[in-house]
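User: I'm new to reading protein models and would like a close look at one part of this one. Could you pick a spot, walk me through it slowly, and explain the terms as you go?

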Amino acid sequence: MEPRTLHLLEFPKVLKELSGFAVSEPGAAACLALHPLATAQAVQQQLTLLDQALRWVRESGFRLVAFPDFANFFPELDIAHRVLDLDALFALSLTLDQARHARDLLEPYSERGWDELMEAVAGAPWPQATYSGLKRCLDQDGRLKDESSPALFSVRQEIRSIHQRCSKRVKDFVLSENISHYLQDEYITISSDRYVLPLKVNFKNRFPGIIHDYSQTGETCYFEPMFLVEINNTLQELKREERVEERKVLEYLTGLIRQERPGVVASYDSLVQLDLLMAKARLADATNARALDIGPDLPARLIKARHPLLALHSPETQPLDIKLQEGQLALIVSGGNAGGKTVCLKTVGLIALMAFSGLPVPVAEGSSLPLWTNIFVVLGDEQSLEEHVSTFTAQIQYISRVWDRVDDKTLFVLDEFGAGTDPTQGAALAQAVIDGLLDRGAASFAATHFLALKAYALATERVRAASVLFDPGTKRPLFRLAYDQVGASIALDVAREHGLPRTILSRAEQYLLLDGTDTSAVLDRLNTLAVKRERENDALAEERAALRKKRDSLEARYEKERVKVLTEVRELAQGVLREWKSERIGRKQALKQLADVRVKLEPTQREEQAAAEPVLDWAEVSVGSRVCYRAWSKSGAVLEKDERKRQVKVDFSGVAMWVAFSELTQDGKSPAKAPRASGGGVTAELGFTPRLDLRGQRADEALAALAQFLDASLLRGANGVEIVHGRGTGALRKEVHAYLKTAPGVASFSLANEDRGGDGMTEVTLK
């Protein structure tokens with residue numbers, strides 16, 4: 001992507017705003033380094049990673065705090081015998097603390113199928129030795145602990161012992177000589193790294209010793225009595241030993257980092273990546289943005305799109321629907337000045353750049369774009385006095401330079417192209433450029449005032465016309481687009497609005513009438529009709545939203561009642577099963593009671609089905625024929641007929657039972673009682689294990705089918721069920737197991753034996 005394109009569409013401004021949401025300097029730098037990606041797969045991977053991070057943060061409550069920039073210290077490790085100082089090691093310790101915290105919070109979600117997030121946060125080996133060494137040797141203030149090494153502990157003990165001895169010797173000296181009134185303070189201090197007494201200058205010659213320094217006021221001298229000289233000399237030796245031992249500890253820690261450098265670098269990079277993801281999330285919250293669908297075959301369709309910078313600073317910005325229909329590659333926007341044509345073009349270009357960089361964009365659900373690997377922009381006044389070129393010449397030079405790179409993965413943004421020359425020739429040239437773009441399969445969005453280009457937009461295949469709308473009464477822009485029509489330029493109205501003298505306006509109107517090309521009345525009428533249509537559409541949309549809200553409320557109430565009834569029926573069914581298992585009732589009585597329970601669950605639906613099902617003729621029923629028992633939606637083979645009781649004995653997968661003839665329908669004609677997954681469904685009676693096949697389904701569809709399947713299996717008396725999810729990547733199996741862990745009717749579950757499907761099937765025991 002050309003830097004010129006990024007600059008004209010203000011992409012660097014978006015990155016600067018994004019970097020303001022980062023909590024660390026390396027995170028902000030990562031924000032500023034973002035750029036459009038070259039493949040749809042790479043874009044989708046980044047958007048998937050963002051989605052997983054958002055879900056994880058919402059569920060876990062993870063929050064990132066500022067961490068130091070450690071990147072500058074890594075090159076130090078390449079220099080032999082270079083030892084990292086305490087500041088660098090402490091910075092690394094704080095960084096690894098957060099990386100460890102992120103790993104620990106993510107670990108419970110390992111079964112959620114968040115592969116991209118797991119790889120970004122915990123994909124590299126953890127530098128355990130480095131982390132343990134830093135935690136053992138550094139305290140919370142970044143200083144070396146005494147316990148860092150036995151030798152360091154010993155020498156520091158000696159230093160503390162010397163301090164105690166010095167304090168005692170000084171105290172004894174002051175008391176024996178009665179010189180407390182000679183001292184500025186009643187304690188010893190340190191000067192030039194030696195223990196000294198703060199002695200008043202007037203008494204500096206009263207005792208033998210060494211003067212090391214004077215205070216800023218000159219009233220105090222720092223005096224080392226002779227009896228402290230030997231002790232201070234010993235102290236200096238111990239200080240030297242302490243520095244040697246501290247150096248050994250630093251060398252040891254630096255060596256650990258060198259040994260585990262890949263893990264250390266990966267942990268640091270994971271924090272930077274998390275900071276970038278959190279910044280994207282905050283940008284999405286600030287602009288009400290979402291991830292855009294990107295794909296080679298997706299249409300250019302932006303629903304309720306807002307210019308990202310306007311959305312960030314002006315939340316009340318009017319959204320636009322910018323969309324091409326199937327087979328269309330070009331959109332030509334016309335209409336008056338200040339109506340929003342340029343903003344419309346910039347919105348398309350900037351949203352495309354952001355989406356291709358893995359950023360959320362302010363659009364509504366259902367929006368999509370194809371992947372454009374090149375975006376070229378002709379925008380604004382490109383005149384250059386230094387290079388002696390006019391705006392028109394600069395535009396022509398730019399198009400000539402990039403023309404050979406235009407293909408079917410190109411977007412061209414043309415704002416008033418050709419406006420800097422004769423209108424007739426400029427319009428013809430603009431049409432020819434768009435024709436050339438269409439021939440190469442490139443997409444283009446253009447804004448124009450040329451009448452010929454407006455007519456071209458209405459008459460040319462694969463090109464769509466749109467007009468910015470103005471209020472019919474006030475002539476103020478509404479910042480809306482009306483499609484498949486063109487708009488007037490209303491130059492005179494704009495001039496009048498901005499105070500141009502009336503005499504000039506009157507003469508302009510006269511010249512316009514003499515010219516005979518005034519089409520403003522027709523276009524004003526089109527604008528008025530378009531505004532009316534848009535307002536009607538808005539009213540319909542509000543009504544539709546109200547109906548949808550009402551429907552959702554009714555569905556929620558229905559679902560609440562359904563769950564209540566289902567719970568009651570399940571309890572009744574389980575009671576019947578317990579009685580049958582304890583042999584307090586017989587098999588036939590248990591089946592009859594289960595059928596009664598089923599009738600209580602769906603009496604109305606049962607009646608409707610009975611009315612809709614085809615009538616089964618008694619004479620057509622014979623031994624060996626197939627019939628369907630509509631109470632269970634199960635087919636079986638006829639074994640016997642009882643003419644007197646008008647009952648039929650039917651074999652259901654090895655279980656034979658007498659069924660009233662009125663409960664039977666023709667085989668295959670009875671509608672299912674509940675939606676079934678492909679190859680699945682409940683086919684359970686006593687002693688039979690139902691099976692549900694979820695292979696090939698999306699996770700949300702599979703879990704919905706699984707919920708219905710478990711409810712129906714419990715209701716029909718199944719002790720266990722089999723869930724076929726296939727092997728594949730294991731993602732569907734993880735989702736199924738996560739659901740089974742919380743399902744109220746599930747007692748336990750496990751993978752099947754290898755001869756029965758292995759890890760492609762899960763066997764479930766029901767309560």
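Analyst: Here is a walk from the whole chain to one helix pair and its surroundings, with two other spots at the end.

A word on the ground rules. This is a predicted model, where local features need pLDDT of at least 70 and side-chain atom pairs count only at pLDDT 80 or more, while totals for chains, interfaces and linings use all residues. Residues are numbered from 1 along each chain as its sequence is written, and side-chain values use heavy atoms, with hydrogens and water left out.

The protein chain has 22 helices and 23 strands. Those are DSSP runs numbered from the N terminus: helices are H or I with at least four residues, strands are E with at least two. Of the 767 residues, 45% are buried. Buried means under 20% relative accessible area, exposed means over 50%, and partly exposed is in between, using a 1.4 Å probe and protein chains only. A contact means heavy atoms within 4.5 Å. Among contacts with a separation of 6 or more, 66% join residues 24 or more positions apart.

Now zoom in on helix 5 (residues 86-106) and helix 10 (residues 261-287). They pack at an angle of about 70 degrees, with their axes 9 Å apart. The axes are lines fitted to C-alpha atoms over the stretch in contact, and angles run from 0 to 180 degrees between N-to-C directions. Helix 5 and helix 10 are therefore roughly perpendicular; that label covers 65 to 115 degrees, while under 35 is roughly parallel, over 145 roughly antiparallel and the rest oblique. The crossing of helix 5 and helix 10 is left-handed, meaning the near helix is turned anticlockwise from the far one by less than a right angle (clockwise would be right-handed). On the helix 5 side, the contact is made by L92, T95, L96, Q98, A99, A102 and R103. Helix 10 brings V264, S267, Y268, L271 and L274.

Some of those names come back when you look at T130, which sits in helix 7 (residues 128-137). Setting aside neighbours within four places in sequence, T130 is in contact with L92, L96, L256, I257, E260 and V264. T130 is buried, at 1% relative accessible area. Its side chain also makes a polar contact with the side chain of E260, at 2.8 Å. A polar contact is a pair of N or O atoms within 3.5 Å; within protein, one must be able to donate a hydrogen and the other to accept it, and residues adjacent in sequence count only if both atoms are side-chain atoms.

Next, find L138, in the loop between helix 7 and helix 8 (150-177). L138 is buried too, with a relative accessible area of 5%. L138 and F90 are 48 residues apart along the chain, yet their C-alpha atoms are separated by 7.3 Å. Not counting residues up to four places away in sequence, L138 touches L86, L89, F90, S93, R143, L144 and K145.

For another helix pair, try helix 2 (residues 11-19) and helix 3 (residues 25-32), which pack at about 160 degrees with axes 8 Å apart. They are therefore roughly antiparallel, and their crossing is right-handed. Here L15, K16, L18 and S19 of helix 2 meet A28, C31 and L32 of helix 3.

Last stop: T5 in helix 1 (residues 3-8). T5 is buried at 0% relative accessible area, and its side chain reaches the backbone oxygen of I375 at 2.7 Å.
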